[in-house]
Structures are given as structure tokens and as C-alpha cells.
Amino acid sequence: MAKLVLDVNGAKHKIDRNIYGHFAEHLGRCIYEGFWVGEDSPIPNENGIRKDVVGALKKIRVPVLRWPGGCFADEYHWKDGVGPREKRPKRINNHWGGVIENNHFGTHEYFELCRQLGAEPYICGNVGSGTVWEMQQWVEYITFPGDSEMANWRRENGREEPWRLKYFGIGNENWNCGGKMRAEYYADLYRQYQNFVRNYGDNEIFRIACGPRNDDYHWTEVLMSRATQMRGMQMMDGLALHYYTVPGEKQDSAVHFDESDWHRTMRLALFMEELIIKHSRIMDKYDPEKRVALIVDEWGTWFGVEPGTEPGFLYQQNTLRDALVAGLTLNIFNNYCERVKMANIAQIVNVLQALILTRGPEMIVTPTYHVFDLYQVHQDATLIPTELTCESYVVEDAAIPELNASASVGPGGSVNITLCNLNPHKELLVSAVLDGFAVKEVASRVLTSANMNDHNTFEQPDVVRPRALDSISLKENHLSITLPPKSVALVTVR
Ligand code: AHR
């Protein structure tokens, strides 16, 4: 039996809705086909952006969308992607399959996509191969309301008013694909580039620095000590951590795996908690007031590509295992929401741990999509501190807690608890006590399936989908929940 105690009266910190954020890169079929089909496509679209994908994503409320990369960002020259489409230059997408990028999806198309989704834009600028001047002009083009060369060019290209742009990343993975830099060198470049990312009119930019890879604590130490403030002026608002769950050197099949792979995947995904704790400890040293947010702007599973697909396109299937990774990771982000203010799963459509897969005009949603759907109740809710005791799930002498949870109270006063039973064999009885809450009503949904590797296909799109969970009983403020093996559940209490 597992026990979960919720201190409802102790709820204090907001779970920023941006923790439920996404990432779309010019990679494989994410932007092209995944979103952009062009105005003349037979696939139903609005201004060139496919309606089915946007429709599905609106249901789960996409708070923020990071673009254009990823590694692509540090080779992207934004001027290539504005003006008449037929005149835009063709470039090589060096990172992702060496395919030709026709630049038909650029700044205007991206803001149109964000408008259709109702998502906040988050642009990642080019430090690796772009200039300070180019970055400064991009921000001017997007946000300047007055009579300047860039603002007038934007008008010529069809957009009179400036857009609102809050989130701006200064480079991506500059320790590797973004320039193979040392932390010390990047910290200096960060200081320089951020200086020219200006606030125009009433637009205020939240500047995000390239942060560490995994457990590179030195990177965090250097960035936090050298690039956050100068003479009391804040230079950095966010530091971006990247961590992927990679059980087998990026080669393992997303679909064919055994219990040992399942367990290793969960173990690696749970490592996110240690990373957040340790990076936060360094951040606390230099920023005790928590003015700099930890932004986990790339996370998710990374398996081998689907057989027969281009290796550089990173197209992988998505099973119940991915759903558990999503569920437990989002619980971790919720539980550390005092420092973690945004996270962006990689990636939203057709790439890595995707929420949506397309095949030409067809579209399906994945188990990961369903987790984001269940968890959307946490967006902007207030985190409830919880205390969890449970048994271990042990495979080959490695032990992990079999239950993972988080809870929040929403604006209407209802309490939402999200639970992951990581054990694929054991039904888990969870005893949840809601201290300081008079329970009247309970509703619940669960995502599970017969097999660990069950997934949705274009032929069978509904193999893994949520259903009602009836195995809950209520006595005063005490819930007894029976969680099926390998499941993600949402329990709502009013
Ligand atoms: O998401 C795929 C790639 O993973 C991104 O382009 C890069 O930032 C990371 O290494």
C-alpha cells in the first residue's frame, strides 16, 4: 500500500502553465507536414497551417511554443524566412538529414501558428553562427512599433502592428551543436548578445541563456556566477537545462522492449529530479530570490527511429512507456515549480516524444498527448505539498519508487492529483489523505493498456486512451484509489 498526504492548506507556489510547454524545430516532419502544408495544399489548412493538428493541440492548451530549434536555431538566419515565399533562399538543413530548407515557414508563419494555437511565442536566436546585429534586428523586426527600417520591412511583408514577444533564447546547446563553446566563453558571449536584445515599446523580453547539458554543474556554476547580474541590473531571466531519457544510446526501439528496458527508462526519467535539485542548489547560491528561472526547454524520450525512416528525422513511435515518462516528469516539474517556470517537451509533432503523428493527410494522437490532456488541470494551479510513502519496484537489483505523484488546487477550488504507477505488474492501492479539505465529490480518469508497448497507429488510433477509473472509495477526507499496473491517473476532488 502507498500513502499520499496532501497539505491542502500549505498550497503556496503557482505551477506556471508554461511547464506544459512545447518545442517545434525545423527537423524531419515537425514543421513541414506536421504544421505547415501551404495554402494550396489539399490538406485542410488555415493560412497554410493544418487544421487537424491545431485543432487537437488546442484541446490540451499549448501555453508556449519554442522555435525554430534546437540545433537548427544556431544555423538559422531569420531574414531568409521573411518576404515573398518564392523568393526565399534554399538552405541546407545541416543537422537534420541534410535536406533542403525552403524557408517557407518563417517568422510570420510562426506567429500565425502561435495565434492559431493561442500559445505564447518563444524564439531561440542564433549565437553559434549569427551576429549580434542580426539578433538585434530580429527583435526589432518583431517588436518595434515605430518608424525604423526593420519595422517598416515587417509592414511591407504584411504585418502592421508589432507582435508581442516575451521569451527569447540566446543560443541553443552552445556547448555542442551551437558552437562547441566552453562555459566561460559562452558566459561572455551571453552577456554581449543579451545586451542588444532590446525592449521596444511596452514589450519586455525574458532572456533565456543556454544552460547545462544533463549534470554539467560546472556550466550552471559559471553562468550563474558570471552572467546573471551586473551592477544590480538583471542580465538573465532563465537558464535552460536539456535532459533526454535515452535508455540505449539512441538506438533502442521505441516499441520493442522488455521489462528491463522499461525499468531503465523510468529510472533515467526519474533522474530529472536529481538534476533539478542539484542545479537549483547552485542557482540558489547566486540567486536566493529565485529571479532566474530554470527552464527545461528540451526533455523527453529518445529512442531509435522507426524502421525505414530517415535517421536524421528522429521519427519514433510512442507507447504507454512514453506516457509514464511524461507523467512522472511533469509531476517532478510541478513539485519543483518554485524554480522551474517552463519546460518544453521535444517535440510537439512527428519528432522524438511527439504528441501527434501525421502520415500525409492523416493524424493520430499518442499516449503522451493523453497525459498532457489529463495534466492540463495543473496549468497555473497552486501546488499542494505532498508526502509520499510507497514500496520500491525492483528489477535486476535496481530500485525505484513504484509511485510518483503531484497535486494542485485549481482556481475553482478543486484539488487535482496526478499519479503514476510505474510498476507494470502490480495493482497499487493508494491511500490519499487530504488534510484541510472537505471532500464532497471525486472523479477520475486513467491511462493504461494491456501491454507496456501498446501504442496508437494510423490503423488503430485508439489503442491507448484514457477511460474512467472507478476503483476509488471515499471516507471523509480519505480516498482509497486502486491504480492499475503501468498507469497514469488524474483524480479530481471537489
Ligand atoms: O530535439 C532534437 C535536438 O536535441 C535539438 O535540436 C538539440 O538542441 C538537442 O540536442
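In this predicted model, Tyr76 is buried, with a relative accessible area of 3%, and its aromatic partner Trp67 is likewise buried, at a relative accessible area of 0%. Both residues fall under the 20% that marks the limit for a buried residue. A search of the whole structure finds 24 aromatic pairs, one of which is formed by Trp67 and Tyr76, with ring centres 5.7 Å apart and an angle of 70 degrees between the planes. Because planes over 60 degrees apart count as edge-to-face, the pair of Trp67 and Tyr76 is assigned to that class.

Aromatic rings also take part in contacts with charged side chains. The charged end of Arg321 is placed over the ring of Phe257, at 3.7 Å from the ring centre. In a further arrangement of this kind, Arg66 lies over the face of Phe23, where the distance to the ring centre is 4.6 Å.

The surroundings of the ligand comprise 13 residues, among which Glu25, Cys71, Glu173, Tyr244 and Glu298 come nearest. By residue class, this shell divides into seven nonpolar, three polar and three charged residues. Oxygen atoms of the ligand are approached both by backbone and by side-chain atoms of the protein: a backbone N or O atom of Cys71 lies 2.8 Å from a ligand oxygen, while a polar side-chain atom of Asn172 lies 3.0 Å from an oxygen atom of the ligand. For Tyr244, a polar side-chain atom is found 2.7 Å from an oxygen atom of the ligand. Of the 280 Å² of accessible area that the ligand has on its own, 94% is covered by the protein.

Cys71, which is among the residues that come nearest to the ligand, also belongs to a disulfide, in which Cys71 is joined to Cys177 with an S to S distance of 2.2 Å. The structure holds one disulfide. The torsion about the S-S bond of Cys71 and Cys177 is about -90 degrees, and the disulfide is therefore left-handed. Cys71 is thus described by two features, its backbone contact with an oxygen atom of the ligand and its covalent link to Cys177.

Terms used
Residues are numbered from 1 along each chain as its sequence is written. This is a predicted model: local features need pLDDT of at least 70, side-chain atom pairs count only at pLDDT 80 or more; totals for chains, interfaces and linings use all residues. Side-chain values use heavy atoms; hydrogens and water are left out. Rings of Phe, Tyr and Trp (its six-membered ring) pair if their centres lie within 6.5 Å; planes under 30 degrees apart count as stacked, over 60 as edge-to-face and the rest as tilted. Buried means under 20% relative accessible area, exposed over 50%, partly exposed in between (1.4 Å probe, protein chains only). A charge sits over a ring if NZ of Lys or CZ of Arg is within 6 Å of the ring centre and within 35 degrees of the ring normal. A residue is near a molecule or strand if one of its heavy atoms lies within 4 Å of it. A polar contact is a pair of N or O atoms within 3.5 Å; within protein, one must be able to donate a hydrogen and the other to accept it, and residues adjacent in sequence count only if both atoms are side-chain atoms. Accessible areas come from the Shrake-Rupley method with a 1.4 Å probe; for residues, only the protein chains shown count as cover. Ala, Val, Leu, Ile, Met, Phe, Trp, Tyr, Cys and Pro count as nonpolar, Asp, Glu, Lys and Arg as charged, and the others, Gly among them, as polar. A disulfide is a pair of cysteine sulfur atoms within 2.5 Å.
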